[in-house]
Amino acid sequence: AQTQPPTTTVPPQTVRIHINNFSFGAAQTVRVGDTVIWVNDDASDHSIRGGFVPGGESERLRNGQEFQLTFKASGTFNYECGVHPGMMGTVVVKP
C-alpha cells in the first residue's frame, strides 16, 4: 500500500501593498486567510473603496498610515481609491 505524503498547511501570510506615486501597483495574489495591509507612502491622502471593505471604504489614510483586511473568501477583488477614483487595484484570493 502506498502512503500519502503528509499535507502541509501554509500558515496565513501578511502581504503589504505600498501606495506610491498615486498607484497601488500590480495585482496581488494571496490565499484565503491571508491579511493584506495597504501602506500609504504618498504625501496625499488615499482610501481603499470596494464592496469587500467593511462599510464600503476605509478611513482616509495619511502618509505612513495603514489599513488592513483579512480575506476570508476566494475571488477577485477590485478596489479603487475613494479620494482618487482613477487609482484602481486588484487582490486575487486563491482557495
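**Entry 1: strand pairing**

I started with strand 2 and strand 6, which pair in the parallel sense over four bridges. I keep in mind that this is a predicted model. Which residue of strand 6 is the bridge partner of Arg31? I found that Lys94 is the partner of Arg31.

Next I looked at strand 5, residues 75-80. Strand 5 runs antiparallel to strand 6, and six bridges join the two. One bridge that I looked up links Gly75 with Val93 of strand 6.

**Entry 2: the two faces of strand 6**

Strand 6 covers residues 88-94, and I followed its side chains one by one. They alternate along the strand. Gly89, Val91 and Val93 point to one face and are buried. Met88, Thr90, Val92 and Lys94 point to the other face and are not buried. This entry ties back to the pairing: Val93, the partner of Gly75, belongs to the buried set, while Lys94, the partner of Arg31, belongs to the set that is not buried.

**Entry 3: the whole chain**

I then stepped back to the full fold. The protein chain has six strands and zero helices, so my sketch of it reads β-β-β-β-β-β along the sequence.

I looked up the overall dimensions too. The C-alpha trace spans about 60 × 25 × 20 Å along its principal axes. The radius of gyration is 16 Å, whereas a compact globule of 95 residues would have one near 12 Å. Of the 95 residues, 34% count as buried. The chain exposes about 6,000 Å², and carbon and sulfur atoms supply 49% of that area. Among contacts with a separation of 6 or more, 48% are between residues 24 or more positions apart.

**Entry 4: His46**

Is His46 buried or exposed? His46 is buried, because its relative accessible area is 0% and the cut-off for buried is under 20%. I located His46 in the loop between strand 3 (35-40) and strand 4 (66-70).

The side chain of His46 has two polar contacts in my notes. One is with the side chain of Asp42, at 2.9 Å. The other is with the side chain of His84, at 3.2 Å. Leaving aside neighbours within four places in sequence, His46 is also in contact with residues including Ile19, Phe22, Asn40, Cys81 and Met87.

**Entry 5: two positive phi angles**

Phe22 came up as a contact of His46, so I looked at that stretch next. Phe22 lies in the loop between strand 1 and strand 2 and is partly exposed, with a relative accessible area of 44%. Its phi is positive, about 55°, although Phe22 is not a glycine.

Asn21 is in the loop between strand 1 (14-19) and strand 2 (28-31). Phi of Asn21 is near 55°, again a positive value in a residue other than glycine. Asn21 is exposed, with a relative accessible area of 63%.

**Entry 6: aromatic rings**

How many aromatic pairs are there? I noted seven. In one of them, the rings of Phe52 and Phe77 have centres 5.4 Å apart and planes at 70°, so the pair is edge-to-face. Phe52 lies in the loop between strand 3 and strand 4 and Phe77 in strand 5, so the pair ties together parts 25 residues apart in sequence. Phe52 is buried at 18% relative accessible area, and Phe77 is buried at 18% too.

Finally I traced the cluster that ring pairs make: Phe24, Trp38, Phe52, Phe67, Phe71, Phe77 and Tyr79.

Conventions:
Residues are numbered from 1 along each chain as its sequence is written. This is a predicted model: local features need pLDDT of at least 70, side-chain atom pairs count only at pLDDT 80 or more; totals for chains, interfaces and linings use all residues. Side-chain values use heavy atoms; hydrogens and water are left out. Buried means under 20% relative accessible area, exposed over 50%, partly exposed in between (1.4 Å probe, protein chains only). A polar contact is a pair of N or O atoms within 3.5 Å; within protein, one must be able to donate a hydrogen and the other to accept it, and residues adjacent in sequence count only if both atoms are side-chain atoms. Contact means heavy atoms within 4.5 Å. Two strands pair if DSSP finds at least two bridges between them. Rings of Phe, Tyr and Trp (its six-membered ring) pair if their centres lie within 6.5 Å; planes under 30 degrees apart count as stacked, over 60 as edge-to-face and the rest as tilted. The radius of gyration is taken over C-alpha atoms; the globule rule is 2.2 Å times the number of residues to the power 0.38. Accessible areas come from the Shrake-Rupley method with a 1.4 Å probe; for residues, only the protein chains shown count as cover.
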